[in-house]
Amino acid sequence: MREVHAFAPGKLILAGEHAVVYGYRAVALAVSLGTTVRLCERPGPSAVDASEIKDSRLWPALSTVVPKEGVGVHIASTLPVGCGMGSSAALAVATVRAVARWEGREASFEECFEKAFVIERVFHGTPSGIDHTVSALGGVVVYRRGAGGPELEQLTLSRPLFLVVVDTGPPEKSTAEMVAGVRERAPTEELSAIGALVEQVVVVLKAGGEVGPLLDQNHRLLQKIGVSTPVLDDAVAQLWQAGASGAKLAGAGGGGVVFGLLTEVQQQPVVEGLLRDGFRAWAVQAG
Ligand code: PMV
């Protein structure tokens, strides 16, 4: 039986979520967790044959790229779904890559970008595009959305970042609803402050300096625009207590993940402590 598979990573937004929707830059990094899509021959119309994702938009989204007949889609992911780690983007990019392999070729970045964006729009309405861009490119990416296409800068870090990610559980509201809430409240000053902060983060990352305090400022601004929650704030405080030099929520907020910046020596013991306390937590390294 014919079978192909492809993988794509999830992401974390280091700084700049929400402001990125309004044309400011944001920095995101690809993580080692991700999604594998396997395509197998199946008789009759194509369909999703195996997936833990229970979402009515799943097939409408994937059918924009999967051939109409004869393909069974099997999805396996190590990412928490809908928690700000880009699970839908990883699914979208992995599917585009798998379909290209099904057709006997490899998908270029441009093809991944265009086709995964179509899938992401089915899931999220009008996403900025940062999630699937980072999933398709890997590494650390500075992203600005633009009418004529995105503006991208791939960053080489002068020293690696050691992060601990904690999952506080799925948010009550979708990314689209969180973005709509911010649009209603229109906190223009805070959004522009986040945009300015991102530019500082980029400079400090390039210089190998200490970004922790800037991440703390970013979290406080996300609190001000109304996307943090007491549970997210508690998780951030727990990371500070564990010795993080900076911590913030990542993604749309309202729930989902937070991360803290630690040292290489602190990273594993902090993850183990959080796992013992019953949290889902991961060590992530960038650069
Ligand atoms: O929670 P996520 O992974 O979907 O990230 C959303 C990031 C936002 O800036 C809030 C929205 C967007 O489209 O960029």
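This note walks through salt bridges, one buried asparagine and the packing of several helices in a predicted model.

1. Salt bridges as a whole. Side chains of opposite charge can pair when their charged atoms come close. In this model the count of such salt bridges comes to 14, and the next points take up a few of them, beginning with a pair between a strand and a helix.

2. K11 and D131. The side chains of K11 and D131 form a salt bridge in which nitrogen and oxygen are 3.1 Å apart. Because K11 belongs to strand β1 (residues 3–15) and D131 to helix α4 (residues 130–137), this pair ties together parts that lie 120 residues apart in sequence. Both partners are buried, K11 as well as D131, so a reader looking for this pair should look beneath the surface, given that buried here means under 20% relative accessible area.

3. E111 and R105. A salt bridge also joins the side chains of E111 and R105, with an N to O distance of 2.8 Å. The two partners fall into separate classes of exposure: E111 has a relative accessibility of 15% and therefore counts as buried, whereas R105, with a relative accessible area of 33%, is partly exposed.

4. R144 and E151. Here the closest N and O atoms of the salt bridge are 3.1 Å apart. R144 is partly exposed, its relative accessible area being 27%, and E151, at 40% relative accessibility, counts as partly exposed too.

5. A network. Some of the charged residues are linked with several others, and R25, E153, E199 and K206 make up a network of salt bridges.

6. N218. This asparagine lies in helix α7 (residues 212–224), and because its relative accessibility is 1%, N218 counts as buried. Leaving aside residues up to four places away in sequence, N218 touches L14, A15, G16 and E17, and it also touches I194, L197 and K248.

7. The buried side of α5. In helix α5 (residues 175–185), the residues M178, V179, G181 and V182 are buried. They cover an arc of only 155° around the axis, and therefore they sit on the same side of α5. Helix α6 (188–207) is among the elements that cover these buried residues. After α5 comes A186, which has a positive phi, near 45°.

8. Helices α2 and α3. Two packed helices are described by the angle between their axes and the distance between the axes. The axes of α2 (residues 87–102) and α3 (residues 109–124) come within 9 Å and cross at roughly 135°, which makes α2 oblique to α3. The crossing of α2 past α3 is right-handed. On the α2 side the contact is made by S88, A89, L91, A92, V93, V96 and R97, and on the α3 side by E111, C112, K115, A116, I119, E120, F123 and H124. E111, which pairs with R105 in a salt bridge, is thus one of the α3 residues in this contact.

9. Helices α3 and α4. The axes of α3 and α4 are 9 Å apart, and the two helices pack at an angle of about 145°. The crossing of α3 past α4 is right-handed. From α3 the contact involves F109, C112, F113, A116, F117 and E120, and from α4 it involves D131, H132, T133, A136 and L137. D131, the salt-bridge partner of K11, is therefore to be found among the α4 residues that touch α3.

Definitions and conventions: Residues are numbered from 1 along each chain as its sequence is written. This is a predicted model: local features need pLDDT of at least 70, side-chain atom pairs count only at pLDDT 80 or more; totals for chains, interfaces and linings use all residues. Side-chain values use heavy atoms; hydrogens and water are left out. A salt bridge is a side-chain nitrogen of Lys or Arg within 4 Å of a carboxyl oxygen of Asp or Glu. Helices (H or I, at least four residues) and strands (E, at least two) are DSSP runs, numbered from the N terminus. Buried means under 20% relative accessible area, exposed over 50%, partly exposed in between (1.4 Å probe, protein chains only). Contact means heavy atoms within 4.5 Å. The arc is that of the directions from the helix axis to the C-beta atoms. Axes are lines fitted to C-alpha atoms, for helices over the stretch in contact, and angles run from 0 to 180 degrees between N-to-C directions. Angles under 35 degrees count as roughly parallel, over 145 as roughly antiparallel, 65 to 115 as roughly perpendicular and the rest as oblique. A crossing is left-handed if the near helix is turned anticlockwise from the far one by less than a right angle, and right-handed if clockwise.
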